[in-house]
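Work through the exercises below with the sequence and the model side by side. Try each task before reading its solution.

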Amino acid sequence: MLFRILLVISISTLAFSEESMQALYMKNGCSACHGIYAEGIGATPRLIGRDANVLKERLRDLKKGKTRSAFGTVMVSFAKGLSDEEIDQMAEYLSTLKKVPPKERYELLPDEDDGSS
Ligand code: HEC
């Protein structure tokens, strides 16, 4: 019985499902500022491939209202929208993503022009 309880606790705090984190990332609008691949846009930081512990700490700070930049306050309400468990799982999930956004992201760009026409 005790073992069962411990097992459930450890699963709920450590494991995350990639799909559920991806869905949460889209549902909570994270993509609007950080990009659909969490690659970062303009002043909004890149999140992919970052250290999970750093991301956790940053999200906890943001939840408490501590930002690093003037523009950072926009992030506070989004951090508050995540439970402590979701913060841990989101940080773990983001840290597992590849540092470089997938190539498809650039497929909509026009073909390179060689300047001859
Ligand atoms: C309205 C734009 C916006 C949205 C939406 C948004 N963020 Fe952010 N986020 C920011 C900005 C700006 C910062 C930089 C905060 C600072 O300067 O302290 C940031 C910082 C972060 C950081 C810390 C990164 C670092 O390098 O300090 C994490 C992690 C993060 N956001 C995750 C998320 C997640 C997860 C969501 C969705 C639940 C989300 N963000 C939604 C704008 C946004």
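**Exercise 1. List the buried residues of α6 and check the length of the helix.**

Solution. The model is predicted. Start with burial. In α6, the buried residues are D88, Q89, M90, A91, Y93 and L94. Now take the length. The helix has 13 residues, and at 1.5 Å a residue they should span 18 Å. The C-alpha atoms at its ends lie 19 Å apart, so the model agrees with the expected span.

**Exercise 2. Summarise the fold of the chain.**

Solution. Count the elements first. The chain has 6 helices and 0 strands. Its pattern along the sequence reads α-α-α-α-α-α. Next, take burial: 15% of the 117 residues are buried. Last, look at contact range. Of the contacts between residues at least 6 apart in sequence, 62% join residues at least 24 apart.

**Exercise 3. Find the largest nonpolar core and say which elements build it.**

Solution. Begin with the members. The largest nonpolar core holds 11 residues: A38, L47, L55, L59, L62, M75, L82, M90, A91, Y93 and L94. Then assign them to elements. Two or more residues come from each of α4 (52-63) and α6 (84-96). The largest share, 4 residues, belongs to α6. Nonpolar side chains tend to be buried together in soluble globular proteins.

Now follow one member outward. Leaving aside residues up to four places away in sequence, L94 touches A38, L47, I48, R50 and L55.

**Exercise 4. Describe how α2 packs on α6.**

Solution. Two packed helices are described by the angle between their axes and the distance between the axes. Apply that here. The axes of α2 (residues 18-27) and α6 come within 10 Å and cross at roughly 105°. An angle of 65 to 115 degrees counts as roughly perpendicular, so α2 is roughly perpendicular to α6.

Next, name the contact residues. From α2 come E18, M21 and L24, and they meet E86, Q89, M90 and Y93 of α6. Sort them by class: the contact has 4 nonpolar, 1 polar and 2 charged residues.

**Exercise 5. Repeat the analysis for α4 and α5.**

Solution. Take the geometry first. The axes of α4 and α5 (residues 73-80) come within 8 Å, crossing at roughly 100°. That angle makes α4 roughly perpendicular to α5.

Then list the contact. On the α4 side are L59, L62 and K63; on the α5 side are M75, V76, A79 and K80. By class, this contact has 5 nonpolar, no polar and 2 charged residues.

**Exercise 6. Is E19 buried or exposed? Locate E19 relative to Y93 as well.**

Solution. Place the residue: E19 lies in helix α2. Count its neighbours. E19 has 8 other C-beta atoms within 10 Å. The cut-off for exposed is 12 or fewer, so E19 is exposed. Now turn to the distance. E19 and Y93 are 74 residues apart along the chain, and their C-alpha atoms are separated by 9.8 Å.

**Exercise 7. Examine A38: its place, its burial and its backbone.**

Solution. First, the place. A38 sits in the loop between α3 (30-34) and α4. Second, the burial. With 24 other C-beta atoms within 10 Å, where 20 or more are needed, A38 is buried. Third, the backbone. The phi of A38 is near 60°, a positive value in a residue other than glycine. Most residues other than glycine have a negative phi. Finally, link back to the core: A38 is one of its 11 residues, and L94 touches A38.

Note on methods. Residues are numbered from 1 along each chain as its sequence is written. This is a predicted model: local features need pLDDT of at least 70, side-chain atom pairs count only at pLDDT 80 or more; totals for chains, interfaces and linings use all residues. A nonpolar core is a set of buried Ala, Val, Leu, Ile, Met, Phe, Trp, Tyr and Cys residues joined through C-beta atoms within 7 Å. Two residues are in contact if their C-beta atoms, placed from the backbone, lie within 7 Å. Axes are lines fitted to C-alpha atoms, for helices over the stretch in contact, and angles run from 0 to 180 degrees between N-to-C directions. Angles under 35 degrees count as roughly parallel, over 145 as roughly antiparallel, 65 to 115 as roughly perpendicular and the rest as oblique. Ala, Val, Leu, Ile, Met, Phe, Trp, Tyr, Cys and Pro count as nonpolar, Asp, Glu, Lys and Arg as charged, and the others, Gly among them, as polar. The expected span of a helix is 1.5 Å times one less than its number of residues.
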